[in-house]
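The following exercises are to be worked with the sequence and the structure in view. Each task is followed by a solution in steps.

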Amino acid sequence: MADNLLANPIFHDEAAARTWFEKARWPEGPICPKCGSAKHYATKKVGVYRCAASTCRKDFTVMTGTVMERSHAKLTQWAAAFHLAASSKKGFSAHQLHRELGCQYNTAWFLHHRVMEAMRRGGLDTTTFMGGEGKVVEADETYFGKIEEAEQRTTKKDGRPFQNNRWSKAKRDKRVIVGLVERCGEVRTFHVPYAAKETVVDIVLNNIYRETRLHTDESGLYTRVGRKFAAHETVNHADKEYARGDVTTNTIEGYFGIFKRGMRGVYQHCAEKHLHRYLAEFDFRYNTRKISDMARTIEAVRGGEGKRLTYHQSSETGL
Ligand SMILES: [Zn+2]
């Protein structure tokens with residue numbers, strides 16, 4: 001394992017790891033995940049608390065009600081999984097984790113997918129809008145990785161065949177990602193089944209303040225929805241125009257580049273059903289780029305609250 005990891009006891013001492021996770025999750029002391037009570041008793045088992053609320057009395061640990069629940073992995077392994085994913089610049093694979101920890105690949109895969117889930121933004125209720133008066137948000141789509149053979153799309157959702165240029169054979173067979181980035185701010189990406197106008201319009205309207213200047217390429221996907229914004233300025237890629245004054249989509253295209261290089265370098269296979277989670281991992285690192293690696297790791301741990309994954313591991317890994 002890398003030297004800096006060996007130096008910190010949270011990566012090799014289970015008690016230190018537990019204290020660290022508890023502090024990250026509960027800076028003010030343990031809170032019952034079931035009822036929210038701050039009153040609790042210690043039990044005879046290390047790290048197990050009993051809720052003191054008379055109607056609850058639930059036993060819980062720092063893992064209860066998080067992505068770590070019902071895992072047999074050690075907390076030192078969880079700490080390493082969170083830290084490596086949060087501090088790697090280009091992405092981080094289950095294979096690397098498997099080598100670093102010397103654990104089974106299965107276990108590493110399980111840890112990595114739960115860490116990515118912790119990095120995913122919360123539900124719709126936590127959605128805040130991007131942009132605002134005087135701010136710029138760039139929107140663009142990209143195509144990444146082939147869709148599985150059985151799902152190859154020859155028709156649109158409504159059954160009509162794809163005809164226009166945007167749906168050439170090459171693009172039809174690829175997975176579609178829509179991305180929004182606020183200039184000097186955060187990024188949000190979405191894996192969508194089709195780059196259909198209604199899908200793109202939904203994403204743009206539900207994530208960006210109307211006072212924003214919207215920057216896109218000449219794609220017809222944005223023409224109509226663009227009128228709802230303070231300004232809709234476009235660059236014409238077909239004419240090899242990439243920037244005009246401060247009008248450009250270079251930020252979002254650069255971000256797509258980071259994502260694709262990272263995915264090609266580290267993740268050999270990524271099932272389409274998991275693509276949203278890989279995007280979440282890259283989005284998370286970009287959106288926390290201004291804080292330290294350790295602060296980013298703690299942010300990821302906190303994101304694991306209330307996100308128990310219910311799918312079964314073996315059906316996902318195929319192992
Ligand atoms: Zn309780």
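**Exercise 1. Determine in which sense strand 4 pairs with strand 7, and over how many bridges.**

Solution. The model is a predicted one.
Step 1. Locate strand 7 at residues 213-217; strand 4 pairs with this strand in the parallel sense.
Step 2. Count the bridges between strand 4 and strand 7: there are three.
Step 3. Take Glu138 as an example: the bridge partner of Glu138 in strand 7 is His215.

**Exercise 2. Determine in which sense strand 4 pairs with strand 5, and name the bridge partner of Glu138 in strand 5.**

Solution.
Step 1. The pairing of strand 4 with strand 5 is antiparallel and runs over nine bridges.
Step 2. Within strand 5, Glu138 has Val181 as its bridge partner.
Step 3. Turn to the cover of strand 4: of its eleven residues, nine are buried, so the strand is mostly covered under the cut-off of 20% relative accessible area.

**Exercise 3. State which residue forms a salt bridge with Glu305, and classify both residues as buried, partly exposed or exposed.**

Solution.
Step 1. The partner of Glu305 is Arg25, and the closest N and O atoms of the two are 2.7 Å apart. This satisfies the salt-bridge criterion because the limit is 4 Å.
Step 2. Place the two residues: Glu305 lies in the loop between helix 11 (293-303) and helix 12 (313-317), while Arg25 belongs to helix 2 (residues 14-25). The pair therefore links distant parts of the chain, 280 residues apart.
Step 3. Apply the cut-offs: a residue is buried under 20% relative accessible area and exposed over 50%. Arg25, with 10%, is buried, whereas Glu305, at 40%, is partly exposed.

**Exercise 4. Describe the salt bridges of Glu117 and of Glu186, including the accessibility of each partner.**

Solution.
Step 1. Glu117 meets Arg120 in a salt bridge, with an N to O distance of 2.5 Å.
Step 2. Glu117 counts as buried at 5% relative accessibility; Arg120 has a relative accessible area of 29% and is partly exposed.
Step 3. Glu186 forms a salt bridge with Arg121, where the closest N and O atoms are 3.7 Å apart. Glu186 sits in the loop between strand 5 (174-182) and strand 6 (187-192). Arg121 sits in the loop between helix 5 (105-119) and strand 4 (136-146), 65 residues apart from Glu186.
Step 4. Glu186 is partly exposed at 22%, and Arg121 is partly exposed at 34%.
Step 5. For the whole structure, the search finds 13 salt bridges. Lys89, Asp293 and Arg296 are linked in a network of such bridges.

**Exercise 5. State how many disulfides the structure contains, and classify Cys35 and Cys56 by accessibility.**

Solution.
Step 1. A disulfide requires a pair of cysteine sulfur atoms within 2.5 Å. By this rule, the count is zero.
Step 2. Cys35 has 40% relative accessibility and is partly exposed, while Cys56, at 17%, is buried.

**Exercise 6. Summarise the protein as a whole: its helices and strands, its buried share and its surface.**

Solution.
Step 1. The protein has twelve helices and ten strands.
Step 2. Of its 319 residues, 49% are buried.
Step 3. Among contacts with a separation of 6 or more, 63% come from residues 24 or more positions apart.
Step 4. The exposed area is about 16,300 Å², of which carbon and sulfur atoms supply 51%.

Methods. Residues are numbered from 1 along each chain as its sequence is written. This is a predicted model: local features need pLDDT of at least 70, side-chain atom pairs count only at pLDDT 80 or more; totals for chains, interfaces and linings use all residues. Side-chain values use heavy atoms; hydrogens and water are left out. A salt bridge is a side-chain nitrogen of Lys or Arg within 4 Å of a carboxyl oxygen of Asp or Glu. Helices (H or I, at least four residues) and strands (E, at least two) are DSSP runs, numbered from the N terminus. Buried means under 20% relative accessible area, exposed over 50%, partly exposed in between (1.4 Å probe, protein chains only). Two strands pair if DSSP finds at least two bridges between them. Contact means heavy atoms within 4.5 Å. Accessible areas come from the Shrake-Rupley method with a 1.4 Å probe; for residues, only the protein chains shown count as cover.
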